[in-house]
Amino acid sequence: MDYTVLQVIWWVLIGALLIGFALTDGFDMGACVLLPFVARNDTERRVVVNAVGATWEGNQVWFVTAGGATFAAWPRVYATAFSGFYIALLLVLFALFFRPVGFDYRGKVSDPRWRGFWDWALFGGSLVPALVFGVAFGNLLQGVPFEFDADLRSTYTGSFFALLNPFALLCGLVSLSMLVTHGAALLQLKTDGAVRARAARAQRWAGLIGLVLFALAGVWVATALAGFRVQANGTAVSAAGAWLDNYARWPAMTIAPALGLAGAAALSGRRSGTAGFLSSSVGIVGIILTAGFSMFPFVMPSSTDTAHSLTVWNSTSSPLTLEIMLFAVIVFLPIVLLYTSWVYKVMFGRVTSHAIESDQHTLY
């Protein structure tokens, strides 16, 4: 297969893995962020925890697979990102530790202080990754301060606190509101009574906030943020408005920001149940595709030396590696999708307060 075609295919596949992670583990994170606010007593909190408890472990596979695929398909990107974003990624990793422990340990002791601690652990372990992932994308859009030496060793010249700049924090809030909205939409599908009513209110507010923030980020990118483009001679340069080039070149790509805005706008209304969950999913797909379409073919642009920017064309593995991985995807991805669909079908249904109160041992 042509090498260029393979490179584009793997750009699409890694994007699909990120979308799959946001659509599945995203609602787990969103629901856990909402845990202290939509549940007022222990029974209601157990309703929320069990609404995501049956599938959260399987959902994290998307995240692990995306990381592995990035390592295999874009090794230079993986190495540069993990060295430059080291502290931020460690923060995400330590936050994620609280999730499995929180799910499994929360119900071991009936003391309210014990359960309250793990409730807030689940909250923090979900809020931090949701925020940091958005901050990371915000920094990618601005360019990351790194360069390579003669031996292709990357040197990161920034700092952890430099990552927390205004535009990156705005992107972090877009990510957080996006996942909180998705979590609220799931809770409306999986719960009833007071929890469902509070989740509906949370969805409307998070959807409205997400709509405003996503639109504000778009205006910022279009008017005040320097993007990157590849010139005809193959060199990368930074220029104002460069992140809009692909939309002018391929107008069909404008469907992505339109979906992001439409999904958020629908959720700021009174959509609930299946319609609300589908609207939330559409919004997530649109927002992630907007970032991907804007940056293509860049994966990790360099603000220190644009010539060292990592793109789809200069950071991928060998053709043989990409072909072997593609064969594995063709064989195993349908299997994963089939058993995942089966699990969701088996676990479908509402978690009620009555079910929680009648089962104090096997449920979380």
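Okay, let's start in a loop: Pro297 sits in the one between α11 and β5 (298–300). Helices and strands here are DSSP runs (H or I with at least four residues for a helix, E with at least two for a strand), numbered from the N terminus. What joins Phe296 and Pro297? A cis peptide bond does, with omega at about 5°.

Quick word on what you're looking at. This is a predicted model, where local features need pLDDT of at least 70 and side-chain atom pairs count only at pLDDT 80 or more, while totals for chains, interfaces and linings use all residues. Residues are numbered from 1 along each chain as its sequence is written, and side-chain values use heavy atoms, with hydrogens and water left out.

Now, Phe296 leads us to Asn246. Setting aside neighbours within four places in sequence, Asn246 is in contact (heavy atoms within 4.5 Å) with Met253, Phe293, Ser294, Met295 and Phe296. Asn246 itself belongs to helix α9, residues 245–249. Is Asn246 buried or exposed? Its relative accessible area is 5%, so Asn246 is buried. For the cut-offs, buried means under 20% relative accessible area, exposed means over 50%, and partly exposed is in between, using a 1.4 Å probe and protein chains only. The side chains of Asn246 and Arg249 also share a polar contact of 2.9 Å. That term means a pair of N or O atoms within 3.5 Å; within protein, one must be able to donate a hydrogen and the other to accept it, and residues adjacent in sequence count only if both atoms are side-chain atoms.

Next up, helix α10. It covers residues 255–267, so to speak 13 residues, and reaches 18 Å from its first C-alpha to its last, close to the 18 Å expected at 1.5 Å a residue. That expected span is 1.5 Å times one less than the number of residues. Which residues of α10 are buried? They are Ala256, Gly260, Gly263, Ala264, Ala266 and Leu267. Looking down the axis of α10, these buried residues fall within an arc of 160°, so they line one face of the helix. The arc is that of the directions from the helix axis to the C-beta atoms. And the partners? The buried residues of α10 pack against α7 (166–190), α8 (193–223) and α11 (273–295).

Let's stay with α8 for a moment. Arg198 is in this helix, and at a relative accessible area of 14% Arg198 is buried. Not counting residues up to four places away in sequence, Arg198 touches Phe37, Val38, Ala39, Arg40 and Glu44. Leu213 is in α8 too, and counts as buried at 15% relative accessibility. With that same sequence cut, up to four places away, Leu213 touches Leu170, Leu173, Val174 and Ser177.

One oddity before we zoom out: Leu152 has a positive phi of about 60° although it is not a glycine. Leu152 is in the loop between β1 (146–148) and β2 (154–156).

Finally, the whole chain. It has 13 helices and six strands, and buried residues make up 47% of its 364 residues. Residues 24 or more positions apart account for 77% of the contacts with a separation of 6 or more. Along its principal axes, the C-alpha trace spans about 70 × 40 × 35 Å. Thanks, that's my tour!
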